[in-house]
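Please open the model in your viewer and keep the selection tool at hand. The stops below are meant to be followed in order, each beginning with something to select.

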Amino acid sequence: MAQENAAFSPGPEEPPRRRGRQRYVEKDGRCNVQQGNVRETYRYLTDLFTTLVDLQWRLSLLFFVLAYALTWLFFGAIWWLIAYGRGDLEHLEDTAWTPCVNNLNGFVAAFLFSIETETTIGYGHRVITDQCPEGIVLLLLQAILGSMVNAFMVGCMFVKISQPNKRAATLVFSSHAVVSLRDGRLCLMFRVGDLRSSHIVEASIRAKLIRSRQTLEGEFIPLHQTDLSVGFDTGDDRLFLVSPLVISHEIDAASPFWEASRRALERDDFEIVVILEGMVEATGMTCQARSSYLVDEVLWGHRFTSVLTLEDGFYEVDYASFHETFEVPTPSCSARELAEAAARLDAHLYWSIPSRLDEKVEEE
């Protein structure tokens, strides 16, 4: 029994060791993975729309301006070539001559007419005549291609502007994860919250353990991913994220931390990636927020401070205490040792009760 009681003692505090582990996912959700030596770059052009949407803003704006400017210059040059080939530029002062485009007296005028045609401005000073069949064909072609360019580029900009990436910035994760007892069982917990009044619909949470491992055949897997159960079987992973919630991973026999004690956990090297997904209520688009916890960011024997208080007719969330934790009595042994100690204690109570009844009968 002395050993069992010692397992429940918190033990002396040891300062966590500093580690130089490279994060797989940053605290703000950015993934530290870069694609190198990609030789089949033509695959990016097969999905040009997604490629333009994924570009940085300065490059997207550059392509947006170039798409329109080059189109106007291209068709403006063709309008100028038609006027030059028909001899319209040589008969500018000839009132009896019917040009292809009225009042087109140079390349600048052709460029302005190209802009008016594609943008359907129509100032009325320059207008195409019915004596120029090649001009009519070019007018139809520019109107069709101009509509396609306009739809493509405006669509790219609209999708890029309406991306829910900024919405994920208002979904916050606690700066630390904690390990403590909950209902007599060791649990790994972290907290999530939403800063906006508009909610995330159909929100769900997942957790991944990123840790190197070696197979029985000797294969080394540097970034092996293991699922951490956060209530998938019971439906607790489906969140009603109106107020901050504490997400719990019960350390049971199926957990990778089943045999990890406090000292073993401090010496381990891993990263826990948490992923929150849901649909933005205002736009209906899917949003994903990510964060991660290294070994140094997992506090053993701590619990989160409550942030919810009942006011006059409403609940108030104090986000100033969102990341705060406090120490609680927590065993330093592993979850397996804790379960075995509890089983031995239950067995001792089970056998002691009949023996006491027998002694009472003998006394009577």
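The tour goes from the whole chain to helix packing and then to the nonpolar cores.

**The whole chain**

Begin with everything displayed as a cartoon, bearing in mind that this is a predicted model. The secondary structure of the protein comes to nine helices and 14 strands, and buried residues account for 34% of its 364 residues. If you draw a contact map and keep the contacts between residues at least 6 apart in sequence, 69% of them join residues at least 24 apart.

**Helices α4 and α5**

Next select residues 57-86, which form helix α4, together with residues 107-119, which form helix α5; their axes come within 8 Å and cross at roughly 120°. Angles from 65 to 115 degrees count as roughly perpendicular and those over 145 as roughly antiparallel, and α4 and α5 are therefore oblique to each other. The crossing in which α4 passes α5 is right-handed.

Now show side chains at this contact: on the α4 side you will find, among others, Y68, W72, F75, W79 and W80, and these α4 residues meet a set in α5 that includes F107, F111, F113, I115 and E118. The residues of this contact between α4 and α5 divide into twelve nonpolar, four polar and one charged.

**Helices α4 and α6**

Keep α4 and add residues 133-161, helix α6, whose axis lies 11 Å from that of α4, the two packing at an angle of about 175°. Because angles over 145 degrees count as roughly antiparallel, α4 and α6 are described as roughly antiparallel to each other. Here the contact residues divide into 18 nonpolar, five polar and three charged.

**The largest nonpolar core**

Which residues have the most contacts inside the largest nonpolar core? Select I205, F257 and I272, which hold that position in a core of 37 residues. Among the elements that give two or more residues to this core are β3 (185-194), β8 (271-280), β9 (286-294) and α9 (335-363), while β4 gives the most, with five residues.

Centre the view on F257 and, leaving aside its neighbours within four places in sequence, display its contacts, which are L188, L209, L228, H249, I251, L265, F270 and I272.

**A second core**

Finally, select F75, L104, A110 and F113, which are included in a second, separate core of twelve residues. Of these, F75 in α4 and A110 and F113 in α5 also appear in the contact between those two helices, so you can return to the earlier selection with this core coloured.

Definitions and conventions
Residues are numbered from 1 along each chain as its sequence is written. This is a predicted model: local features need pLDDT of at least 70, side-chain atom pairs count only at pLDDT 80 or more; totals for chains, interfaces and linings use all residues. Side-chain values use heavy atoms; hydrogens and water are left out. Axes are lines fitted to C-alpha atoms, for helices over the stretch in contact, and angles run from 0 to 180 degrees between N-to-C directions. Helices (H or I, at least four residues) and strands (E, at least two) are DSSP runs, numbered from the N terminus. Angles under 35 degrees count as roughly parallel, over 145 as roughly antiparallel, 65 to 115 as roughly perpendicular and the rest as oblique. A crossing is left-handed if the near helix is turned anticlockwise from the far one by less than a right angle, and right-handed if clockwise. Contact means heavy atoms within 4.5 Å. Ala, Val, Leu, Ile, Met, Phe, Trp, Tyr, Cys and Pro count as nonpolar, Asp, Glu, Lys and Arg as charged, and the others, Gly among them, as polar. A nonpolar core is a set of buried Ala, Val, Leu, Ile, Met, Phe, Trp, Tyr and Cys residues joined through side-chain atoms within 4.5 Å. Buried means under 20% relative accessible area, exposed over 50%, partly exposed in between (1.4 Å probe, protein chains only).
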